[in-house]
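This report describes selected features of the structure shown below. It covers salt bridges, a helix, aromatic pairs and the surface.

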Amino acid sequence: MPRFLRALAGLAGFFLVWEVIVQAGLVRKEFLPPPSVVLVTIFEQFGETQFIRDLIATFLAWAIALLIAVAIAVPAGLLLGSIPGLRTATAVVVEFLRPIPAVALIPLVLLLIGGGPEAKITLAVYASLWPIMFNTIYALGEIDPVLMETAKACGTGKFRTLTSVALPHTAPFVFTGVRLSANIALIAVVSTEFLAGAKLGIGNFIMQASTGSTRFDLVLAGTVVVGALGFLINGGLEMIGRRAFRWSTVDREAIS
């Protein structure tokens with residue numbers, strides 16, 4: 001059975017259990033609408049212009065944040081991974097910043113750059129760059145020394161060695177880091193939209209639906225759409241990775 005179909009089967013099983021629990025009266029429908037109601041609400045919302053705008057705003061913020069994170073994390077990882085002294089010197093700062101949740105920085109970011117799209121993009125970049133950077137550093141440590149010595153013996157400069165030997169080797173690891181960071185960025189974007197009161201985005205949709213309203217089907221509709229978006233993003237990137245790096249076993253070796 002194809003992997004994607006197995007995943008869909010698991011998802012269908014989850015919705016089935018949810019439906020049975022609600023219909024059996026174990027949970028009140030007013031507080032936890034069944035999937036049969038939530039899915040209908042989702043289809044209705046896709047006919048609403050505002051919901052489509054919220055979905056597009058979230059997706060664009062996610063895509064921009066992930067691209068910026070890659071542009072920052074890959075060069076930083078290559079630099080730290082190829083210069084041990086620099087990595088040692090910055091280790092304390094990196095290990096201090098990495099555990100800080102992005103949502104904990106929302107007040108600071110709002111104060112510094114305001115509550116526009118820049119806020120959720122900034123926080124998503126911060127949250128998602130770490131897996132990419134550390135996978136890049138890890139990959140450099142896994143390069144066969146013979147490759148580097150051969151390039152050096154052939155008179156290849158450090159920059160050329162980095163781009164023609166190190167970078168191709170790290171590509172599968174970097175891509176795995178990107179796949180890990182993709183959902184992290186989505187979580188950061190939606191959380192910021194919800195907590196910071198963004199004007200557009202699925203997080204804002206969920207916040208408005210949950211504030212002064214008894215329409216919990218709308219809250220769950222927004223939540224399910226976010227989950228579906230994350231599922232499709234991860235599945236799409238995983239498919240691309242398997243086809244582009246089918247020779248690699250990075251999924252079993254890379255760190256998160």
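Glu193 and Lys120 are both buried. In this predicted model, the two residues form a salt bridge, with 2.8 Å between the closest N and O atoms. The bridge joins distant parts of the chain: Glu193 belongs to helix α8 and Lys120 to helix α6, and 73 residues separate them.

The structure has 5 salt bridges. Three of them are listed here, including the one just described.

| Salt bridge | Closest N and O atoms |
|---|---|
| Glu193 and Lys120 | 2.8 Å |
| Arg215 and Asp217 | 2.8 Å |
| Glu238 and Arg242 | 3.7 Å |

In the bridge between Arg215 and Asp217, Arg215 is partly exposed at 38% relative accessible area, whereas Asp217 is buried at 10%. Glu238 and Arg242 lie 4 residues apart in helix α10, so about one helical turn separates them. Residues three or four places apart in an α-helix point the same way, because the helix has 3.6 residues a turn. Glu238 is buried, with a relative accessible area of 14%, and its partner Arg242 is partly exposed at 40%.

Helix α10 covers residues 216–244 and also contains Thr223. Thr223 is partly exposed, with 40% relative accessibility. Gly203 is 20 residues away from Thr223 in sequence, and their C-alpha atoms are 8.6 Å apart.

Helix α6, which carries Lys120, consists of 25 residues, 117–141. From first to last C-alpha, α6 reaches 37 Å, close to the expected 36 Å. Where is α6 kinked? The kink is at Leu129, shortly before the proline Pro131, and amounts to about 35°. Of the 25 residues in α6, 20 are buried, so the helix is largely enclosed by the rest of the structure.

Turning to the aromatic side chains, the structure holds 9 aromatic pairs. One of them is formed by Phe46 and Phe51, whose ring centres are 5.4 Å apart and whose planes meet at 80°, an edge-to-face arrangement. Phe46 is partly exposed at 40% relative accessible area, while Phe51 is buried at 1%.

Why is the pair of Tyr138 and Phe173 tilted? The planes of Tyr138 and Phe173 stand at 55°, with the ring centres 5.6 Å apart; a pair counts as stacked under 30 degrees and as edge-to-face over 60, so this angle falls in the tilted class. Tyr138 in helix α6 and Phe173 in helix α8 (residues 158–196) are 35 residues apart, and their pair links distant parts of the chain. Tyr138 is partly exposed, with 25% relative accessibility, and Phe173 is buried, with 5%.

Ring pairs also connect Phe14, Phe15 and Trp18 into a cluster. Phe14 is in addition part of a nonpolar surface patch with Phe4, Leu5, Leu8, Leu11 and Leu232. Together the patch residues have about 560 Å² of accessible area. Helix α1 (residues 3–23) supplies the largest share of the patch, 5 residues. Leu8 is located in α1 and is partly exposed, with a relative accessible area of 34%. Inclusion in a patch requires over 30% relative accessible area, a cut-off that the 34% of Leu8 passes.

Definitions and conventions: Residues numbered from 1 in each chain as written. Predicted model: local features only at pLDDT ≥ 70, side-chain atom pairs only at ≥ 80, totals over all residues. Heavy atoms only, no water. Helix = DSSP H or I, 4+ residues; strand = E, 2+ residues; numbered from the N terminus. Expected span 1.5 Å × (residues − 1). Bend = angle between axes of the 7 residues up to and from the residue. Buried < 20%, exposed > 50% of the residue type's maximum accessible area, 1.4 Å probe, protein only. Patch = residues over 30% accessible without salt bridge, like charges linked within 9 Å, V, L, I, M, F, W, Y side chains within 5 Å. Areas by Shrake-Rupley, 256 points an atom, 1.4 Å probe, with all protein chains shown as cover. Salt bridge = Lys/Arg side-chain N within 4 Å of Asp/Glu carboxyl O. Phe/Tyr/Trp six-rings, centres within 6.5 Å; stacked < 30°, edge-to-face > 60°.
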